[in-house]
Amino acid sequence: MSPDQARSDDVADPADFYTGLVAEAYSALRSHAFDPERYAAFVRAQGQPGLEVGCGAGEPLLHLVRDGLDVDGVDSSSDMIRRARAEARRQGLDVGLHVARMEEMDLGRQYRSIYLAGPTFELLPDDDLALRALEVFRRHLSPGGTIMVPLWIAEPTPAVQLGVPREAVDDDGTVLRYTALSEEYDPARRTRRTAVTYERIPTVGPPEVVDRLWVIHWQTRQTIADLAARAGLAVREVDPPSAPGDCEPGEPGEEFTAFLTHA
Ligand SMILES: C[S@@+](CC[C@H](N)C(=O)[O-])C[C@H]1O[C@@H](n2cnc3c(N)ncnc32)[C@H](O)[C@@H]1O
């Protein structure tokens with residue numbers, strides 16, 4: 001690192017991970033695309049209005065709004081919501097966007113469909129916050145409504161990927177770079193903590209570097225059912241259901257979705 005390179009480790013709270021340089025780099029460096037149709041089908045089937053929790057910069061939310069669905073978005077990062085607002089304006093869309101933490105939000109509206117796109121629920125770093133979030137979801141859920149919670153049994157980042165940067169280049173030649181550096185993987189606590197670095201390297205001037213800790217606290221079919229019950233919710237369905245003989249914690253890398261209703 002050159003001496004004039006700005007380096008910071010400015011965020012301790014997991015709800016603030018997607019801020020500053022990370023918010024700027026997130027969409028460009030994202031390793032996967034969302035399938036908007038999956039979430040649109042959920043909202044069409046379960047009813048409107050819908051709420052996307054952790055909507056970030058607006059994917060897949062704005063796609064649903066463009067399709068004529070009445071869906072609001074909420075995110076803890078004002079930087080991500082600013083990007084979503086700019087994109088909504090660019091597309092001429094009218095959408096309710098809120099800055100709030102999912103475990104604290106009070107949006108003054110109830111929803112037939114509440115969903116997270118991908119395993120965003122696992123950004124809540126412990127079960128106490130996960131329980132508070134489910135209680136808040138229940139208060140925002142209309143009678144007869146459904147909550148969709150995609151989940152993932154986190155697997156360790158392969159050792160060969162540690163230290164290997166992923167890059168994207170802006171229209172003006174600026175390089176955005178993400179590197180996972182090291183990781184603690186703790187199955188007993190269902191927690192993976194990855195030290196990551198984001199870099200912004202302009203064609204002129206010093207690079208900007210941000211070090212952050214990316215925390216995933218994963219849920220199993222059993223732990224989400226237990227938390228849901230404590231929050232006054234019930235698991236209506238898990239897709240796919242576990243097959244007889246499958247071990248309860250699930251296999252690292254396994255993905256499933258829990259559908260929750262009022263108990
Ligand atoms: C993986 S990103 C997905 C964002 C969005 N789907 C997109 O592509 O722009 C997860 C989002 O969850 C948000 N988030 C993390 N913790 C949160 C919390 N406690 N409450 C609300 N949002 C949260 C982050 O700010 C981030 O925007």
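Biologist: In which loop does Arg190 lie?
Modeller: This is a predicted model, in which local features need pLDDT of at least 70, side-chain atom pairs count only at pLDDT 80 or more, and totals for chains, interfaces and linings use all residues. Residues are numbered from 1 along each chain as its sequence is written, and side-chain values use heavy atoms, with hydrogens and water left out. Helices (H or I, at least four residues) and strands (E, at least two) are DSSP runs, numbered from the N terminus. On that basis, Arg190 lies in the loop between β8 and β9.

Biologist: Is Arg190 buried or exposed?
Modeller: Arg190 has a positive phi of about 50 degrees although it is not a glycine. Buried means under 20% relative accessible area, exposed over 50%, and partly exposed in between (1.4 Å probe, protein chains only). The relative accessible area of Arg190 is 15%, and therefore Arg190 counts as buried.

Biologist: At which prolines is the peptide bond cis, and which loop holds Pro60?
Modeller: Gln48 and Pro49 are joined by a cis peptide bond with omega of about 0 degrees, and Pro49 is found in the loop between α2 and β2. A cis peptide bond also joins Glu59 to Pro60, where omega is about 5 degrees. Pro60 is found in the loop between β2 and α3.

Biologist: What is the strand order of the open sheet, and which strands stand at its edges?
Modeller: Two strands pair if DSSP finds at least two bridges between them. Seven strands form the open sheet with mixed pairing, in the order β4-β3-β2-β5-β6-β12-β11. A single partner strand is available to each edge strand, so one side of each is left without a neighbour in the sheet; these strands are β4 (97-99) and β11 (233-239).

Biologist: Which residue of β3 is the bridge partner of Val53?
Modeller: Strand β2 (residues 50-53) runs parallel to strand β3 (residues 71-75), and four bridges join them. Within β3, the partner of Val53 is Val74.

Biologist: Which residue of β12 is the bridge partner of Ile147, and which residue stands opposite Leu260 in β12?
Modeller: β6 and β12 pair in the antiparallel sense over six bridges, and the β12 partner of Ile147 is Leu260. β11 and β12 also run antiparallel, joined by six bridges. Opposite Leu260 stands Val235.

Biologist: What angle does helix α2 make with β5?
Modeller: Contact means heavy atoms within 4.5 Å. Axes are lines fitted to C-alpha atoms, for helices over the stretch in contact, and angles run from 0 to 180 degrees between N-to-C directions. Helix α2 (residues 36-46) packs on the sheet and touches β3, β5 (111-116), β6 (141-152), β11 and β12 (255-262). The direction of α2 makes with that of β5 an angle of about 160 degrees.

Biologist: Against which elements do the buried residues of α6 pack?
Modeller: Helix α6 (residues 221-230) lies across β6, β11 and β12, running at about 155 degrees to β11. The buried residues of α6 are Arg221, Thr223, Ile224, Leu227 and Ala228. These buried residues pack against α5 (127-140), β6, β11 and β12.

Biologist: Which element gives the largest share of the largest nonpolar core?
Modeller: A nonpolar core is a set of buried Ala, Val, Leu, Ile, Met, Phe, Trp, Tyr and Cys residues joined through side-chain atoms within 4.5 Å. The largest has 38 residues, and those with the most contacts inside it are Leu61, Leu64, Val71, Tyr115 and Tyr198. Two or more residues come from each of α1 (21-29), α2, α3 (61-66), α4 (78-90), β8 (175-186) and β9 (191-201). The largest share, six residues, comes from α1.

Biologist: Where does this core lie relative to the domains, and how far apart are the C-alpha centres of domain 1 and domain 2?
Modeller: Domain bounds come from an automatic or database domain assignment, which gives domain 1 (6-13 + 155-217) and domain 2 (36-152 + 220-262). Both domains give residues to the largest core, so this core lies between them. Nine residues of domain 1 are in contact with 12 residues of domain 2. The C-alpha centres of domain 1 and domain 2 are separated by 25 Å.

Biologist: How many disulfides does the structure hold?
Modeller: Cys55 is buried at a relative accessible area of 2%, while Cys247 counts as partly exposed at 41%. A disulfide is a pair of cysteine sulfur atoms within 2.5 Å. The number of disulfides in the structure is zero.
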